[in-house]
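Please open the structure in a viewer and keep the selection tool at hand. The tour proceeds stop by stop, naming what to select and then what is to be found there.

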Amino acid sequence: PETGRLALYLLGLRAACPPPDPSPQRLLVTWLKHYLEVDWAGSRQNGQPLTSYYQYSLGVLALCVHRKRVREEVIRRLLVAEHHGRFRHAGSNAVDTEAVAALAFTCLVRERLVGSKLGRELRKAKHRVRKRMLQEQGPDGFFGNIYSTPWAMQVFIATNTCQMQPAYGRAMAALLENLEAFSISATMAQVLPVLYGRSYLDIASMRCREEPDMLMPISSDPPPEVLGNMTVRLVVECSLSWCAQHQLYDRPVPAPASASLLGVLREAAVQDFKFDTQDTPQGPFLTSVLGVQAQQKKRSYWQLLSNPNTSLHMGVAEYRPRDGETIILRLSEW
């Protein structure tokens, strides 16, 4: 099911104040309800949704923002998952999933789309999530990582608690220092509301007739191209027990000075370096390197690091290495 992708589209559509004719929008909402039901059936049979709890939560949130009721069984499946810690990956909290779920819980109560008994349970779950988020804030100010931080901050905004939490101010300072990480539309859509003190729940109360038409096309010149070449040392490691060897690759790769990490990998591919990516709403995602596949069943992924152990906090298409920098692609567990 395309639960998450359609949910994000409907949130964006509502925020953009669609034309008065509701027919196309109504059809999309119907499709989202269908996908959510399919996901719920998968959750009942397999113990988890066919997509993920992140997408499942997005579906509930998007329907709530459009003021559409969701069956209580669907909501309770998400509530049970939160209560039993099923959002966690390898012992740590999935901050973005918990935050989206908390936003959905808050929306359902605020829009009065649930009964009083279920509403009380959702409020308790929201408080539990918010408490865990405070525990997940690292020394760098991020809740989890840089991309889950805007989601967490939206929870504090939606529950009117951001002014009471010093952790919120530290997170905002960290975001403002790292805005270059939000360079594609999907991540911009997460961070922009937070920078203006808003959450996705504010979309539900927008009065579109009073919104000024500010969707003016802009033309911006492309950034100047950096001339010359650079050399990046590319290292591939496998830190998992089942790997036959720890280091799989270690070579200098010449590339244009303005190349992204994806561009560097493509230059390396000319020298028989094999890799694969998968397109996602957040940009290309590295799935396979030198024939070694990241597998969801094994909870493995290709981690992007700058030597010796600094996470890039960006995707392969956004990060631009420096001349002489060492980039590590490390197969790790989440």
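At what angle do the axes of helix 4 and helix 5 cross? Please bear in mind throughout that this is a predicted model.

**First stop: helix 4 and helix 5**

Select residues 72-83 for helix 4 and residues 95-110 for helix 5; their axes cross at roughly 135 degrees and come within 11 Å. That angle makes helix 4 oblique to helix 5. The crossing of the two helices is left-handed.

Next, display the side chains at the contact. On the helix 4 side, select Ile-75, Leu-78, Leu-79 and Glu-82, which meet Ala-101, Phe-105 and Leu-108 of helix 5. By class, the residues of this contact comprise six nonpolar, no polar and one charged.

**Second stop: two residues of helix 3**

Move to residues 53-65, which form helix 3, and select Ser-57 within that helix. Is Ser-57 buried or exposed? Its relative accessibility is 0%, so Ser-57 counts as buried. Setting aside residues up to four places away in sequence, Ser-57 touches Leu-78, Thr-97, Val-100, Ala-101 and Ala-104. Two of these, Leu-78 and Ala-101, also take part in the contact of helix 4 with helix 5.

Remain in helix 3 and select Cys-64. With a relative accessibility of 0%, Cys-64 likewise counts as buried. Which residues does Cys-64 touch, not counting those up to four places away in sequence? They are Cys-107, Leu-108, Glu-111 and Leu-113. For a distance to display in the viewer, choose the C-alpha atoms of Cys-64 and Arg-77: these residues are 13 apart along the chain, and the atoms are separated by 16 Å.

**Third stop: helix 7 and helix 8**

Select residues 149-158 for helix 7 and residues 166-177 for helix 8; the two pack at an angle of about 140 degrees, and their axes are 11 Å apart. Helix 7 is therefore oblique to helix 8. Helix 7 passes helix 8 in a left-handed crossing.

To see the contact, display Thr-149, Pro-150, Met-153, Phe-156 and Ile-157 of helix 7 together with Tyr-168, Ala-171, Met-172 and Leu-175 of helix 8. The residues of this contact divide into eight nonpolar, one polar and no charged.

**Fourth stop: the sheet of five strands**

In what order do the strands of the five-stranded open sheet lie? The order is 2-1-8-6-7, and the pairing is mixed. Strand 2 (247-256) and strand 7 (310-311) stand at the edges with a single partner strand each, so one side of each has no neighbour in the sheet.

Begin at the edge with strand 2, which is joined to strand 1 by nine bridges and runs antiparallel to strand 1. Here Met-230 stands opposite Ala-255 in strand 2. Helix 10 packs on this sheet, where strand 1, strand 2, strand 6 and strand 8 are touched; the direction of helix 10 makes about 105 degrees with that of strand 2.

Continue to strand 8, residues 326-333, where seven of the eight residues are buried. Strand 1 (residues 229-238) runs parallel to strand 8, and six bridges join the two. Val-236 and Leu-329 in strand 8 stand opposite each other. Strand 6 (residues 300-306) pairs with strand 8 in the antiparallel sense over seven bridges. In strand 8, Glu-333 is the residue opposite Ser-300.

**Fifth stop: the sheet of three strands**

Now select the open sheet formed by three strands in the order 3-4-5, with antiparallel pairing. Its edges are strand 3 (275-280) and strand 5 (292-293); each has a single partner strand, so one side of each is left without a neighbour in the sheet.

Strand 4 comprises residues 283-289 and pairs with strand 3 in the antiparallel sense over six bridges. Select Asp-279 and then Pro-284 in strand 4, which is its bridge partner. Helix 10 (residues 261-269) packs on this sheet as well, touching strand 3 and strand 4; the direction of helix 10 makes about 145 degrees with that of strand 3.

Finish with Ser-288 in strand 4. Ser-288 counts as buried because its relative accessibility is 5%, under the 20% limit. Apart from its neighbours within four places in sequence, Ser-288 is in contact with Lys-274, Phe-275, Asp-276, Gln-293 and Trp-302.

Technical notes:
Residues are numbered from 1 along each chain as its sequence is written. This is a predicted model: local features need pLDDT of at least 70, side-chain atom pairs count only at pLDDT 80 or more; totals for chains, interfaces and linings use all residues. Side-chain values use heavy atoms; hydrogens and water are left out. Two strands pair if DSSP finds at least two bridges between them. Helices (H or I, at least four residues) and strands (E, at least two) are DSSP runs, numbered from the N terminus. Contact means heavy atoms within 4.5 Å. Axes are lines fitted to C-alpha atoms, for helices over the stretch in contact, and angles run from 0 to 180 degrees between N-to-C directions. Angles under 35 degrees count as roughly parallel, over 145 as roughly antiparallel, 65 to 115 as roughly perpendicular and the rest as oblique. A crossing is left-handed if the near helix is turned anticlockwise from the far one by less than a right angle, and right-handed if clockwise. Ala, Val, Leu, Ile, Met, Phe, Trp, Tyr, Cys and Pro count as nonpolar, Asp, Glu, Lys and Arg as charged, and the others, Gly among them, as polar. Buried means under 20% relative accessible area, exposed over 50%, partly exposed in between (1.4 Å probe, protein chains only).
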